[in-house]
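Visitor: I should like a close look at a single helix of this protein. Please describe how that helix is built and what surrounds one of its residues.

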Amino acid sequence: MATTAHASNTANVSNTKGYYIALLCSVILSTTGVFIRYLTEHYNMPPLAIAFWRDAFTAIVVLAALLLIRPALIRVRRADLLFLSAFGLVLALFNILWTVSVWCNGASVATALVYSSAVFTVLLGCLFLKERFYFAKLLAVILCLSGCFLVSGTIGGSPWNSGAVGISIGLLSGLSYAGYSLMGRLASRRGINPWSTLLYTFLFASVALLLIILLRSCFPGANAPVAELFWLGNALPGWGVLFLLAAGPTVLGFGLYNVSLVHLSSGIVNLIATSEPAFTIIIAFFILGEKMTFVQLCGCALILCGVAFLKIYEMIHAAQQNGYFSKRARPTKTAARTKSNIL
């Protein structure tokens, strides 16, 4: 019994730690849309070029950090390299769709649409990873998605000027983000360190994006590869923003996202990550001057309520599992005899 209780307490601590890490990840990742929007508006930088340099700089920063801190994490099993390369392709697809979505829809709407991934992740996690599905999770999905749509300005706010194409790209970015979440959970089940996962997925993603840029140049009207890759030219502030995008929110945000997947299911992590629009719209309001309406603020509140509700449910469920709400146990016969002998 003591061993079971200890294991349950350890799981609860891990669960709580995962919530805090996932929430911090959301705060950090909320700044990525602002960086990308700045690069597309001030430099008209092609989305593919942004995605490539973001992934390449991220891989370089993580490699340098691991060489200095824990070189052993650079080595992974050969059997895992094929999996990590596929993981990198999913990340490359997500980065392309996400960057194009920000370009089409703006930082706030793109962030709201990408978290349609909450539904995809919960459903796919139940189907393929056998993750637990329960009513509280469904309610949290409804609250978070409702909040995302309010934040995006669908109801009571400005209309979606991007049209069907922009919305479709945003929803596809959500589906690819769900794929990233599921593969991150699989990586943790395979025993791959989260920071090793980060290094190799971004490395393979940058290679995939480079190949896409080279192949795309073969089509009429496309930019030359060198011109597209070095679009910023000698604009040092632009390169600085691009490097900060990688070294700051991307490394820390995706790194912590991978760490949280060690402690929590992919569905719960993705649900917690839906709090990102609440932070993004606030940052976009102060930095980019994007308008923030009362309805959007209500959407932020719905998202945070959904996340808080899920955490409270998990705490109550854990307490029930530990018997905290059960009736006080009656003394056993042995205990009763002992008590009578003492008296």
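Guide: Let us consider helix α11, which bends by about 35 degrees at Thr-250. The model examined here is a predicted one. Helix α11 covers residues 236–263, and at 1.5 Å a residue its 28 residues should span 40 Å. The C-alpha atoms at its ends are 40 Å apart, so the expected span and the model agree.

Leu-242 is a residue of this helix. Its relative accessible area is 0%, and because buried means under 20%, Leu-242 counts as buried. Apart from neighbours within four places in sequence, Leu-242 is in contact with Leu-39, Met-45, Ile-50, Trp-53, Phe-57 and Leu-232. One of these partners, Leu-232, stands 10 residues from Leu-242 along the chain, and the C-alpha atoms of the two are separated by 9.8 Å.

The setting of the helix may now be described. The protein has 15 helices and 0 strands. Of its 343 residues, 49% are buried. Among contacts between residues at least 6 apart in sequence, 86% join residues at least 24 apart. The accessible surface of the protein comes to about 16800 Å², and carbon and sulfur atoms account for 72% of that area.

A residue of another helix offers a contrast. Leu-138 lies in helix α7, residues 135–151, and counts as partly exposed because its relative accessibility is 35%. Together with Phe-133, Phe-135 and Ile-142, Leu-138 forms a nonpolar patch on the surface, with about 410 Å² of accessible area in total.

Definitions and conventions
Residues numbered from 1 in each chain as written. Predicted model: local features only at pLDDT ≥ 70, side-chain atom pairs only at ≥ 80, totals over all residues. Heavy atoms only, no water. Patch = residues over 30% accessible without salt bridge, like charges linked within 9 Å, V, L, I, M, F, W, Y side chains within 5 Å. Areas by Shrake-Rupley, 256 points an atom, 1.4 Å probe, with all protein chains shown as cover. Salt bridge = Lys/Arg side-chain N within 4 Å of Asp/Glu carboxyl O. Helix = DSSP H or I, 4+ residues; strand = E, 2+ residues; numbered from the N terminus. Buried < 20%, exposed > 50% of the residue type's maximum accessible area, 1.4 Å probe, protein only. Expected span 1.5 Å × (residues − 1). Bend = angle between axes of the 7 residues up to and from the residue. Contact = heavy atoms within 4.5 Å.
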